[in-house]
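I opened the notebook to follow one helix packing and then the aromatic pairs. The entries below keep to what I looked up.

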Amino acid sequence: MVTFGKKLKERSIQEWQGYYINYKLMKKKVKQYSRQLEGGNLERRHVLKDFSRMLDNQIEKIALFMLEQQGLLSSRLRRLRESHDALEEQPDISLVSNLKEEYRAVGQDLLKLLFFVEMNAIGIRKILKKFDKRLGYRFTNYYVKTRANHPYSELQQVFRHVGLGAVVGAVSRNLHELQNNQGSYLSIYDQPVLPLQDPVVDSIRAAVDRLTRSTNFLNFMAKHALIMQEELPSPQDEEGEEEDGRYHFMSLLLNLVNTFLYMVNTYIIVPTADDYSMSLGAAATVCGVVIGAMAVAQLFSSVYFSAWSNRSYFKPLIFSSIVLFIGNLLYALAFDLNSIAVLLVGRLFCGFGSARAVNRRYISDCVPLKIRMQASAGFVSASALGMACGPALAGLLQVRFKIYKVTFNQDTLPGWVMAIAWLMYLVWLAISFREPALQPEEIPKISEESNNSAVQDVNLEKGIKQPLLITAEEIEEQAEDECDGSEEAVEDSRAPANSIVAAYRLLTPSVKVQLLIYFMLKYAMEILLSESSVITTYYFGWSTSSVAIFLFCLGLTVLPVNLVVGSYISNMFEDRQILLVSEIMVCVGILLSFHVVVPYTVPQYVCSGLIMFVSAEVLEGVNLSLLSRVMSSRLSRGTYNGGLLSTEAGTIARVIADATITVAGYLGRDMLLNVTLLPSLVICVLSIVATCFTYNSMY
């Protein structure tokens, strides 16, 4: 098999030879480091410092050359634009062909530049992987996170080819406009897919697809799932994952269906929970406990399902389906048994069947890297769709009849429908799911020679957590202070967290602030959704169908809002700016929701609720996107991972919110709205202050 160094030499563009990554030199350097370390002639911290500086210089050389070439292409395109404008004023078909050829020439040079970027990106990825392998480091994760997330990152130029998109767009658009030689100029914005494609445009599109296999929207949506993956996966790794037979499309689909059904199960009772509680002799506000019981059980189920998924995926999904079937059956039978206790036990069973940790883990472990982002986005989309469909389905179940002594009405039908749905899913799961072969986790061998290397991993891990503008000297000082760590500490530095407490200790101040933000937005959303039936019935006299339509419309905003933020807003503003503005808008929505003006009107409630919900959705996406980038790599695997921490934070918020509704109910329904909104406002203000303080100290 031809090595990458030979391939780079053979395929590189000769006139640009001096601007490629010097892979051969860096490979020799890695071998030299290895020999010197074995001989004891070099300290490991000097290796890190020297290699980092050398790679930074290589990336700077590549990035500056890319900018220079982009400038040359832009100048040529500007001159061609002038000729193009002249043709529009005085059409001359004989000149159209010449202009198209000139645009094609620019396109060919653009293809050369895209190929240049691709080869260098592969080279950087491979040399980092070789460095880790030969020297026993886990340096790649540290290097990429500290460089790629920095506001002045040159690595962004290579791996996200910043700026090239505008050149690609200019060439493609103008060639499309000149597609018709009769002078009828079409725009790619008016007709995105033309029947006749220019070969150069097709080649450019294929080259861009190789560089970025996913859109910004998919990337943004995927971060909602908080499924952390390697920053720089190699093509060989991707191919290997497909070949090992772990991935199975139907199994992935079953995981996504499980996610969808669980979210439907969560929200299908919201429009009728207050009516169901009153029919069993309880107060309407007991709906908070009924809705929250599922979240209480989920606090425990998330942990044991996460641990179970270390050994199996099929068995926990089977168990989940059976428990959810029983839970919904109990929920439906509580009406005829006239027992609020059975109702609550049914909801607890539903919470004990929450297999979201398994769904997330399956995507992380078994889906190939090249489609993992799409699968993660599918996980989030399935959740959003289930959230919207749950209340909508409840609105359709407005019938009443009896079979023998069993009552079917708007209160019990959600339980019966979901019980049948889980039974059908259980049969499908048993027939179609394929258990992937579990791969044993590699335990690194600790020797005296690798001791210092592993201690350095601790320092690197801590270096990731520091503010982005920390100096190399400060990192070096921290490394020197901690080089006397024991072998036990070395093993800990490589192992995942073994408890919730250990996982919490790995969190930096900025991560804790982001978990606080996540807690706040989940609390505010749960207050809005769970008390909606009680509030709207009291103030506006809405029926169950009206509440269901309102909640359905709120749920439908999730995907369009994320599409706008992921595709447009996130490209125009920094994540921390969107984060702060979204928090302020959530606060505005909460303030507008208070009942201080008489009478309390439908427009006020609907508009304030929409502002709060949409802002919280934007905030969730940006917050989890930031969280996935700064979370410690030790929280990307094991039972107590980053996904579990975020799930627990959100679930605790929901439990407290639902408990708040029930407690506030004792003060009377006229006080319920303001009393429940007050804690939301306090937590929101605290999160805004914490965000301002944290990010001001970092930037």
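**Entry 1: a helix pair**

In this predicted model, I looked up how helix α11 (residues 249–267) packs with helix α16 (residues 356–366), and I noted an angle of about 150 degrees with the axes 10 Å apart. Since angles over 145 degrees count as roughly antiparallel, I entered α11 as roughly antiparallel to α16. I also wrote down that the crossing of α11 past α16 is left-handed.

Which residues make the contact between α11 and α16? From α11 I listed S251, L252, N255, L256, N258, T259, Y262 and M263, and from α16 I listed R356, V358, N359, Y362 and I363. Sorting the residues of this contact by character, I got 7 nonpolar, 5 polar and 1 charged.

**Entry 2: S432**

I then turned to S432, which I found in helix α18 (residues 413–432). Leaving aside residues up to four places away in sequence, I noted that S432 touches H248, M250, S251 and L254; S251 is also among the α11 residues in the contact with α16. For S432 and H248 I recorded a C-alpha to C-alpha distance of 9.9 Å, with their positions 184 residues apart in sequence.

**Entry 3: Y313 and Y362**

How many aromatic pairs does the structure hold? I entered 30 aromatic pairs, and I looked up the pair of Y313 and Y362, whose ring centres are 5.5 Å apart and whose planes stand at 90 degrees, so I classed the pair as edge-to-face. Y313 lies in the loop between α13 (287–308) and α14 (314–337), whereas Y362 belongs to helix α16, so this pair ties together parts that are 49 residues apart in sequence.

Are Y313 and Y362 buried or exposed? Y313 has a relative accessible area of 1% and is buried, and Y362, at 0%, is buried as well. I added a reminder that Y362 is also one of the α16 residues in the contact with α11.

**Entry 4: Y539 and F540**

The next aromatic pair I looked up was that of Y539 and F540, which I entered as tilted, with 6.2 Å centre to centre and 45 degrees between the planes. Because buried means under 20% relative accessible area, I counted Y539 as buried at 18%, and I likewise counted F540 as buried, with a relative accessible area of 17%.

Which residues form one aromatic cluster with Y539 and F540? I noted Y538, W542, F550, Y600 and Y605 as the other members of that cluster.

Definitions and conventions:
Residues numbered from 1 in each chain as written. Predicted model: local features only at pLDDT ≥ 70, side-chain atom pairs only at ≥ 80, totals over all residues. Heavy atoms only, no water. Axes fitted to C-alpha atoms, helices over the stretch in contact; angles between N-to-C directions. Helix = DSSP H or I, 4+ residues; strand = E, 2+ residues; numbered from the N terminus. Parallel < 35°, antiparallel > 145°, perpendicular 65-115°, else oblique. Left-handed = near helix turned anticlockwise from the far one by under 90°. Contact = heavy atoms within 4.5 Å. Nonpolar A, V, L, I, M, F, W, Y, C, P; charged D, E, K, R; others polar. Phe/Tyr/Trp six-rings, centres within 6.5 Å; stacked < 30°, edge-to-face > 60°. Buried < 20%, exposed > 50% of the residue type's maximum accessible area, 1.4 Å probe, protein only.
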